[in-house]
Amino acid sequence: MDIFNRTAIDEKRMRDIAQHSGVDGEPFLLFLDDKVNSVLADFARSKLEEYRLENCQYNCPAWEQEATGESDIHACTVSRRIIASQKLPAHVIDIIGAYELLVYLDATVTGGPDMTFVLTLAHELRHVWQYFNAPVVFYSQTPLSWVIAPQLTPCELDSEKAAKRVLGQMYGDAAVSAYLDVELAACKQEHFETTQRLAALDPAADPHTEANTIALLEEHAEEIRKVRRGNNFDMPGISELMYALRGRSTVRLDRETTI
């Protein structure tokens, strides 16, 4: 793990979290930003201002929402193959260079409470672990998130479990419980369900995560194919997922590809 750090967070802190996450020896780049990602928000605000200056009537609830910054990416794990298509600041996209994988946390996370930082970084580092150790789980996220709630995919649940597990290892279960109680009491209504699920989640690793992933892909294959045909786009990671599934499933995710 290499680190590009624009914050005051101690590098040893990051390496401790990576060690707990089992990825400290993997070849990827961790980017900690001291700025908030506002790519979507800035665009939306500029369009709203443009309409205002021209005295135009508009009905753009999506822009109103994006202008709040809620839709911007504040933490992610992304491969070099698709990073150019992500709504990330140019200085983040440019830095990936020869690295195959990048973990990005913006100032929303790096400037927040320590336990929130640890939880978020550990979550993203579990995606790194999946990338190198469970590619079926990692690459299933995009297709499955089109047909089931994105936060309920095996990929995301595995990362939530791992993040809570790391937090418990570093702070103790009592401190984690107290932290989540405070988060539940203070979080916005739209985040309450996610935080409540995390508080109730058993952090123990599920040995059946890969098998459950394959079962869900098989169950929802026709829906995924319909989404691909209907939207006429190439879902990120589909070819990698097909390769990872070789010999493990005969699932088809489009009309042409069979395993």
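Buried here means under 20% relative accessible area, with exposed over 50% and partly exposed in between (1.4 Å probe, protein chains only). The model is predicted, so local features need pLDDT of at least 70 and side-chain atom pairs count only at pLDDT 80 or more, while totals for chains, interfaces and linings use all residues. Residues are numbered from 1 along each chain as its sequence is written, and side-chain values use heavy atoms, leaving out hydrogens and water.

Start with the whole protein chain, which has 13 helices and 4 strands, these being DSSP runs numbered from the N terminus (helices H or I, at least four residues; strands E, at least two). Buried residues make up 44% of its 259 residues.

Next, select the strands: the 4 of them form an open sheet of mixed pairing in the order β1-β2-β4-β3, where two strands pair if DSSP finds at least two bridges between them. At the edges stand β1 (2-5) and β3 (75-79), each with a single partner strand, so one side of each is left without a neighbour in the sheet.

Now select β3 together with β4 (residues 101-105), which run antiparallel and are joined by 5 bridges; among the residues to label are Ala75 and its bridge partner in β4, Leu105.

Finally, select helix α6 (residues 114-133), where 15 of the 20 residues are buried. Its end C-alpha atoms are 28 Å apart, in agreement with the 28 Å expected at 1.5 Å a residue, the expected span being 1.5 Å times one less than the number of residues.
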